[in-house]
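Student: Can we go through this one together? I'd like to start with the cysteines.

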Amino acid sequence: MSTHRRLALAALVLLPLAACDSFGLAGPQSAPAPAARAIDYRADDLAGMIFAINLPAGVQVLPKSSTARFDAGAGGAAGRHVKATFTLADGGDIDGQLPPPAAGRTYYLLGFGARDKTALRAAQAWLGKQNPPPVVSFTVTPGLCMTSPPGPGATGSVIPVSPGKPPFLPLVTIPVASVPPCR
């Protein structure tokens, strides 16, 4: 077969494929991922979120020592204050919402128990009725321990994830060099 015939045959095979793409008939294009955003403390369900603690190898989370604190108001009794203890969470509801952890890192997934969920939802319901909205503080303090040194400058982060919602910005970066050894 001559070179011209081969080129003509190749063009006949490739032309329909090129036409599909040119006319928008190619398969569905993946949309760009939505931009990460800050938590809206009046609208986002804090109690239903899962908090992914992204840590280097050798650093572990102690769920019963990990807490979150929600404070709304100008201080004093007039506001709402909740201190919640984390429990290990099932990540089934957020599959695919987090990128795979980088090499040498892992996620620990934490959530809230029923009593803490109720308290957080009540505090958020109160917050939603306040006009103007009071000052809100939400802090997550993971309890950590170390099985092996993570290396100089190593950090962890806390990433809130809400099932089926766009991603949130990380809440905090955690220096892990001074984490105590696990017992």
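Student: Which residues form a disulfide here?
Tutor: C145 and C182 do, with their sulfur atoms 1.9 Å apart. A disulfide here is a pair of cysteine sulfur atoms within 2.5 Å, and by that rule the count is 1.

Student: Where do C145 and C182 sit in the chain?
Tutor: C145 is in strand β7 (residues 144-146), while C182 lies in the segment after β9 (172-175). They are 37 residues apart, so the pair links distant parts of the chain.

Student: Is this a predicted model, and what counts?
Tutor: It is predicted: local features need pLDDT of at least 70, side-chain atom pairs count only at pLDDT 80 or more, and totals for chains, interfaces and linings use all residues. Residues are numbered from 1 along each chain as its sequence is written, and side-chain values use heavy atoms, with hydrogens and water left out.

Student: Why is the disulfide called right-handed?
Tutor: Because the torsion about the S-S bond of C145 and C182 is about 85°.

Student: C145, buried or exposed?
Tutor: Buried, at 5% relative accessibility. Buried means under 20% relative accessible area, exposed over 50%, and partly exposed in between (1.4 Å probe, protein chains only). C182 is partly exposed, at 26%.

Student: New topic. How many helices and strands are there?
Tutor: There are 2 helices and 9 strands. Helices (H or I, at least four residues) and strands (E, at least two) are DSSP runs, numbered from the N terminus. The pattern along the sequence is α-β-β-β-β-β-α-β-β-β-β.

Student: And how much of the protein is buried?
Tutor: Buried residues are 32% of the 183.
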